Amino acid sequence: MSLTLSMEKVLNIAHRGARSLAPENTLSAARKGLAVGADMWELDVQLTADHELVVIHDSTLKRTSNVVDLFPHRRPWQVHEFTLADMRKLDFGSWFIEQDPFGQIAAEVVTEEELKNYVGEPAPTLEEALSFTKEQNWHVNIEIKDLSKRPGNSQIVDKVIALVEKLNMVNMVLVSSFNHQYLAQIAASYPHVLTGVLDTKPHVRPASLLRRLGARTYHPRKTFIRLADIEKLRRQGFGVNVRTINDEKTMERLVRAGVSGIFTDFPQVLASVLTSYKKSEA
Ligand code: G3P
Ligand code: CA
């Protein structure tokens, strides 16, 4: 099964895994995303002090682990200052149980059994995350975090692509980044790898940006793009995967506008929106 752009199917992309139901960027969140009908999951990758590719969103370990309790003297707990062995000592699941960031534990959507399994959850390496994706014959959007001000900047792209190629997963991944040099590097050295453009601001001519970066998909915030421009980009052969949409009405509007995909923290909601849309179109 290869990851190609479809004009018909709207991709349900579980942002950092189904992070409303399980701790973000873990294999539990990926499993939940798959179980509730996501077509792919999205993860964030960066480098440890010993240059291992690890799946985590923030530049520090503070928010999503018990690092402050275990390593109180290593403030500010930056990912690039911890080895993978250090990170293996941490629990990336319990914070989710304590904080219930999306209220899905209080709403009793997450079961007691699931919660027990989240205690002690590790941050996966990229290799573990990709291997899981491959075993499930699934797809993943790998977001390479911008390391331009951190160690490992010059090697992260080559390391990520080398791993994807080693696992023979080029047809299962879409690589994105806010760092456009990384995307240009991929287009120049690995043109067979699909890329998606993230940005912190809207673009007047996104198609020109995509062409310049050799990218196939645009990943704008909803406020960065007009509905008419979605249709235009799609006609020009580009994908438009909008981020990060959690309310049903906006999902419906974007589906009707012709997006190729939607990033969501609630893939369970998007799955039902897409089912209803298909029925209404039949
Ligand atoms: O929703 C897509 C995502 O990759 C962009 O931002 O910061 O949530 O990783 P973030
Ligand atoms: Ca991300």
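The legends below describe close-up views of ligand 1 and of an enclosed space in a predicted model.

**View 1. The shell of residues around ligand 1.** Ligand 1 sits in the largest pocket, where His15, Arg16, Glu42, Asp44, His57, Glu143, Lys145, Phe178, Leu198, Arg243, Thr244 and Phe263 surround the ligand. Sorted by class, this shell comprises six charged residues, together with three polar and three nonpolar ones.

**View 2. Polar contacts of ligand 1 with His15, Glu42 and Glu143.** In the side chain of Glu42, an N or O atom lies 2.5 Å from an oxygen atom of ligand 1. For His15, the distance from a side-chain N or O atom to an oxygen atom of the ligand is 2.7 Å, and a distance of 2.7 Å is likewise found between an oxygen atom of the ligand and an N or O atom in the side chain of Glu143. Of the 300 Å² that ligand 1 exposes when taken alone, 89% is buried by the protein.

**View 3. The second largest cavity and its lining.** Two cavities of 30 Å³ or more are found when the whole structure is searched, and the second largest of them holds about 60 Å³ of space. Its lining is formed by Glu24, Asn25, Thr26, Val55, Ile56, His57, Thr64, Phe92, Trp95 and Ala123, a set that divides into five nonpolar residues, four polar residues and one charged residue.

**View 4. His57 in two settings.** His57 is one of the residues that surround ligand 1, and His57 also belongs to the lining of the second largest cavity.

Methods
Residues are numbered from 1 along each chain as its sequence is written. Chains are lettered from A and ligands numbered from 1 in the order in which they are written. This is a predicted model: local features need pLDDT of at least 70, side-chain atom pairs count only at pLDDT 80 or more; totals for chains, interfaces and linings use all residues. Side-chain values use heavy atoms; hydrogens and water are left out. On a 1 Å grid over the protein atoms alone, a cavity is a set of points where a 1.4 Å probe fits but cannot get out, and a pocket is an open set with protein on both sides within 12 Å along at least five of seven lines; lining residues have an atom within 4 Å of a point. Grid points are joined across faces, edges and corners, and a volume is the space filled by probe spheres set on the points. Ala, Val, Leu, Ile, Met, Phe, Trp, Tyr, Cys and Pro count as nonpolar, Asp, Glu, Lys and Arg as charged, and the others, Gly among them, as polar. A residue is near a molecule or strand if one of its heavy atoms lies within 4 Å of it. A polar contact is a pair of N or O atoms within 3.5 Å; within protein, one must be able to donate a hydrogen and the other to accept it, and residues adjacent in sequence count only if both atoms are side-chain atoms. Accessible areas come from the Shrake-Rupley method with a 1.4 Å probe; for residues, only the protein chains shown count as cover. A molecule sits in a cavity or pocket if more than half of its atoms lie within 2 Å of its grid points.
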